[in-house]
Amino acid sequence: MDSSVLTSHFNNFRTAANSFLSQYEPLTLVLVPLFSLFLANVIRSFFSVIHDKGLKATVLGFFMSFIKLIPGVKSYIDAEKQKVVDKLQSDGKSKRDGWKTELPSTGLGTSVLEKMSEEKRKDAVWQGKCSGTVYIGGSESSAHFSVINEACSMFAHTNPLHLDVFQSVVRFEAEVVAMTAALLGSKEKTSGGQICGNMTSGGTESILLAVKSSRDYMKSKKGITRPEMIIPESGHSAYDKAAHYFNIKLWRVPVNKNFQADVKAIRRHINKNTVLIVGSSPGFPHGIIDPIEELGQLASSFGICFHVDLCLGGFVLPFARELGYHIPPYDFSVKGVTSISADVHKYGLAPKGTSVVLYRNHEIRKHQFVAVTEWSGGLYVSPTIAGSRPGSLIAGAWAAMMSLGKAGYLENTKAIMDGSKRLQKGIEEIPELFIIGKPDMTIVAFGSNVLDIFEVNDIMSSKGWHLNALQRPNSIHICVTLQHVPVIDDFIKDLKESVNTVKENPGPISGGLAPIYGAAGKMPDRGMVQELLVDFMDGTC
């Protein structure tokens, strides 16, 4: 077809178009395309919100936003919300009276230690009464407490940021990482022989770094710029924090009937933007190990990262397996696992603020680091979120691991695993309660079909116990530590009494939080629950 024919067709089209459009006002011809673009953008934004939050949450959010436009409704909701926040903060506000708001005109000198001892005596009784919290057994004057306290004191002035100055803590960190890695499969041939990592301030930072590194690694490998990650709903809240900080779309997938990660459900959520899936060994809510091998196979088949959360299990599962407990695969011996987090300050019995993040190889870990070349202060590179880090805590972790040794951890693991089984058996003998799933480790969660479990929790709180309230399903759990081993029978006795109290006198007790927990669990507008939590935190810290 020659150019003259094409020109003729174009002229005919132009004439027809101009003839058709001539019947409309020029202003209309300008506004209609603009309105169409605006409408298309609104529709795109709507479907984007549905994609991020789901249809139910999106419709509910629009409905609640509309309801709040009605005169008086928003102020009523805000007032009711403030009542809940005030109830949650009732004890804390009175305790803040008299808190210092400025420096003393004259320093207290060494007498400040007496003041600190006085304040410490006001703390709640935690010995044997708190779920998790303190993992070291005995009193604060016991041998292990003394060892880590002295180690921390000895290195209180050190900072591993200064590699050339504090070479001792640099070595301590490297050895803590290597020893932890050895517990979690680094010596196995299937690990690849390149396991590496760093110490962090806790499980949350370890998870944040693993997520950030996975995101950037997958961007370099696949060019993913709109990253997504998939976790079971039992996965720790630190993944929500990571998604928020690092602009990653987070999919929380319901667990299966055994309260484990549902591999098929996770598979259905994987798409071209998926950078990471997550499993826990065990999960924080119910102490149940996810199917790590199946998740590893899934990650391998799609060429994506797979993080295993061993913050609780890292210093229990290796020893429990050696003691003969049936422990499914959970570490770098599993193909597909690309990173692991393990807290030394839990069952590793190290001082608070010590965790380890591990990677299968250096290629992935390099994406954890931040290097700065254009700063007038010089060239700078840092391995973790913090620049300066307390060498005292690194030293304390090293001291804890070296002082206990393998024999010490085996002895401790046997005590807490046996204690957990005793506790589980005691709860199973209370007919009004049931155990959530089949706990694999030292966390035992339980609920009730005939009582308000949060009312039971309130009665237990009045007896001095500090347990964790859970949802989906409503339940409470206790994380068994060495502190609990001597008081398992006391716990069961108090739990039976609490159940009987609620059974005979159902209803919330004065000052109890059962109504709030119950209402929060049933509230369909999760945005409002989120606002309650934020307002509570804003008035607390």
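This passage walks through the fold, cores, sheets, surface and salt bridges of a predicted model.

A good place to start is the chain as a whole. The protein chain has 541 residues, and 44% of them count as buried. Its secondary structure comprises 18 helices and 13 strands. Contacts often reach far along the sequence: among those between residues at least 6 apart, 71% join residues at least 24 apart. The accessible surface of the chain comes to about 29,100 Å², and carbon and sulfur atoms account for 59% of that area.

Turning to the interior, the largest nonpolar core has 94 residues. V211, M229, I277, Y347 and L358 are the residues with the most contacts inside this core. The element that gives the most to it is helix α14, which spans residues 391-428 and supplies 10 residues. A second, separate core has 24 residues, among them L423, L467, I478 and V480.

I277 is a helpful residue for finding one's way around the largest core, as it is one of those with the most contacts there. Leaving aside neighbours within four places in sequence, I277 touches I230, I266, L295, L298, A299, I304, C305, F306 and H307. I277 belongs to strand β4, since that strand covers residues 274-280. Strand β4 is mostly covered, with 7 of its 7 residues buried.

Strand β4 has pairing partners that can be followed in turn. Strand β2 (residues 228-232) pairs with β4 in the parallel sense, over 3 bridges. Within this pairing, I230 stands opposite I277, and I230 also appears among the contacts of I277. Strand β5 (residues 305-309) pairs with β4 as well, again in the parallel sense, over 5 bridges. Here the bridge partner of S280 is D309 in β5.

A further sheet shows the antiparallel arrangement. This open sheet has 4 strands in the order β10-β11-β13-β12, with antiparallel pairing. Strands β10 (434-435) and β12 (468-470) stand at its edges; each has a single partner strand, so one side of each is left without a neighbour in the sheet. For β12, 3 bridges join it to strand β13 (residues 475-479), and the two run antiparallel. L470 stands opposite S475 in this pairing. I478, which falls within the residue range of β13, is one of the residues of the second core.

The surface offers a contrast to these interiors. L27, V30, L31, L34 and L37 together make a nonpolar surface patch of about 510 Å². L31 lies in helix α2, which spans residues 26-53. With a relative accessibility of 46%, L31 counts as partly exposed, because the exposed class begins over 50% and the buried class lies under 20%.

Charged side chains add another layer to the picture, with a count of 17 salt bridges. In one of them, E173 pairs with R389, and the closest N and O atoms are 3.0 Å apart. This pair links distant parts of the chain: E173 sits in helix α7 (residues 167-183), while R389 is in the loop between β9 (380-382) and α14, 216 residues away. Where does this bridge lie with respect to the surface? E173 is buried, with a relative accessible area of 8%, and R389 is buried too, at 12%.

Other salt bridges form within a single helix. K212 and D216 meet through their side chains at 2.9 Å, N to O. These two residues are 4 apart in helix α8 (residues 203-222), so about one helical turn separates them. K212 is buried, and so is D216. In helix α16 (residues 488-504), E497 and K493 are likewise 4 residues apart and therefore separated by about one helical turn. Their salt bridge has its closest N and O atoms 3.0 Å apart. Here E497 counts as partly exposed at 32% relative accessibility, and K493 is also partly exposed, at 47%. Finally, K115, E119 and K122 are linked in a network of salt bridges.

Notes:
Residues are numbered from 1 along each chain as its sequence is written. This is a predicted model: local features need pLDDT of at least 70, side-chain atom pairs count only at pLDDT 80 or more; totals for chains, interfaces and linings use all residues. Side-chain values use heavy atoms; hydrogens and water are left out. A nonpolar core is a set of buried Ala, Val, Leu, Ile, Met, Phe, Trp, Tyr and Cys residues joined through side-chain atoms within 4.5 Å. Buried means under 20% relative accessible area, exposed over 50%, partly exposed in between (1.4 Å probe, protein chains only). Contact means heavy atoms within 4.5 Å. Patches are made of residues with over 30% relative accessible area and no salt bridge: like charges are joined within 9 Å, nonpolar side chains (Val, Leu, Ile, Met, Phe, Trp, Tyr) within 5 Å. Accessible areas come from the Shrake-Rupley method with a 1.4 Å probe; for residues, only the protein chains shown count as cover. A salt bridge is a side-chain nitrogen of Lys or Arg within 4 Å of a carboxyl oxygen of Asp or Glu. Two strands pair if DSSP finds at least two bridges between them.
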